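Student: Could we look at a protein chain together and work through a few questions about how its helices and loops are arranged?

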Amino acid sequence: MVNTNRTISRREMLGALGATGVTALAGCSGGSDDTDTADGTTTSGDGGSGSDSVTAAWVYISEVGDLGWSWAHDEGRKTVDEEYDWLETEYTEAVAPEDSERVFEQYAQGDADIVFGTTFGYQDPMFNIAEQYPDTYFEHATGYRTRENMGRYMGRIYQPRYLAGQAAGMVTENNTIGYVAAFPIPEVIRSINAMALGARSVNPDATFKIRWVNAWFDPQTSKQAANSLIDEGCDVISQEQDSPAPVRAANEADVWASGYNAPMGEFGGDNYLISPVWNWEEVYGPAVSAVRDGTWEADAFWGGMETNLPTLDEWGPEVPQEVKDTVAETEEQIVNGELDVWAGSPFEGESDEFLFQEMNSFVDAVEGEVPE
């Protein structure tokens, strides 16, 4: 695997991505213990002093201990929390979308300079609150709506998905790969297609079977879905879930597994492949600085592997060297801009707008149709 572990500045991001933009977010204070507050939020650190201090709040769809999406965002929060002593962070976990508008408003009425909503279902509630509180900054992950004081941010996770697909395509013996999916929205469809294209790039016979869970975090149901796929002959399991349950199921069934969001090797044992994961501090670091120095802009950031935001974790203990070498070579091509994941597919040449919010069909390697 190519090591791209460096922080790209906000200016570098803008220069590399042009109009696709920047994320501007906010902070936390370094080194102090987390403290629960009376209203259910959690505050970290003692903050900065005077006008140079910044307070940022994160709102999570699930508990931060889920070892998935919320865990990854909170790791990013904690990283910038430790790095900047002029920042203070707060967060609220396990907030359903229908409850999020109330939480956003509480933060806007309080001392938060910027509020981050970290799941697609928060988009419209945040959009409404941002209009009511123009002096507070808002940032939404995975969505597409913006205001003057509301930006959006995401990473091109489809790139490491493609690489994980190559690994899956090389180790499968049945040429049948299972995918435990959340919801049939462009974000998930994009990941499935990218992984399938990666598998087909090294194994023309590879096919994907999909099981829809219709939930981001439902360990029991996602484990059942993984077992169902295994019963149908899938000898590699992949996922778009916020828990390691499908990886556990694969390990118990002695088949390969690729996780998502967080490093999941401890749950996959000798059957673990690799996982696409997030380094959200690569967004939050430049963003909190922008809030502090007054250069925050409401924009749309969609960074690729060159930013080190979407990346891969470490290989499992039994992954063949040939797989590692192939993926490393492809990763270098992606990072250097030499390989477009969508080249040669029905989505070659499509705009970022289409890829981000309009993709609604599968490539040939995926069985079935996208549910309506």
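Tutor: Happily! One definition to begin with: a crossing is right-handed if the near helix is turned clockwise from the far one by less than a right angle, and left-handed if anticlockwise. Keep in mind that this is a predicted model.

Student: Which hand does the crossing of helix 7 and helix 8 have?

Tutor: Helix 7 covers residues 219–231 and helix 8 covers residues 245–253. Where helix 7 passes helix 8, the crossing is right-handed.

Student: Is helix 7 parallel or oblique to helix 8?

Tutor: Their axes come within 8 Å and cross at roughly 40 degrees. Angles under 35 degrees count as roughly parallel, and 65 to 115 as roughly perpendicular. The crossing angle therefore makes helix 7, relative to helix 8, oblique.

Student: How many residues of the contact of helix 7 with helix 8 are nonpolar?

Tutor: Helix 7 brings Pro219, Ser222, Lys223, Ala226, Asn227 and Ile230. Helix 8 brings Ala245, Pro246, Ala249, Ala250, Glu252 and Ala253. Two of these residues are polar and two are charged, while the nonpolar ones number eight.

Student: Now the loops. Is Asn261 buried or exposed?

Tutor: Asn261 sits in the loop between strand 11 and helix 9, and has a positive phi of about 80 degrees although it is not a glycine. Buried means under 20% relative accessible area. Asn261 has 0% relative accessibility, so it counts as buried.

Student: What is the relative accessible area of Asn214?

Tutor: Asn214 lies in the loop between strand 9 and helix 7, and its phi is positive too, about 55 degrees. Asn214 is partly exposed, with a relative accessible area of 48%.

Definitions and conventions. Residues numbered from 1 in each chain as written. Predicted model: local features only at pLDDT ≥ 70, side-chain atom pairs only at ≥ 80, totals over all residues. Heavy atoms only, no water. Axes fitted to C-alpha atoms, helices over the stretch in contact; angles between N-to-C directions. Helix = DSSP H or I, 4+ residues; strand = E, 2+ residues; numbered from the N terminus. Parallel < 35°, antiparallel > 145°, perpendicular 65-115°, else oblique. Contact = heavy atoms within 4.5 Å. Nonpolar A, V, L, I, M, F, W, Y, C, P; charged D, E, K, R; others polar. Buried < 20%, exposed > 50% of the residue type's maximum accessible area, 1.4 Å probe, protein only.
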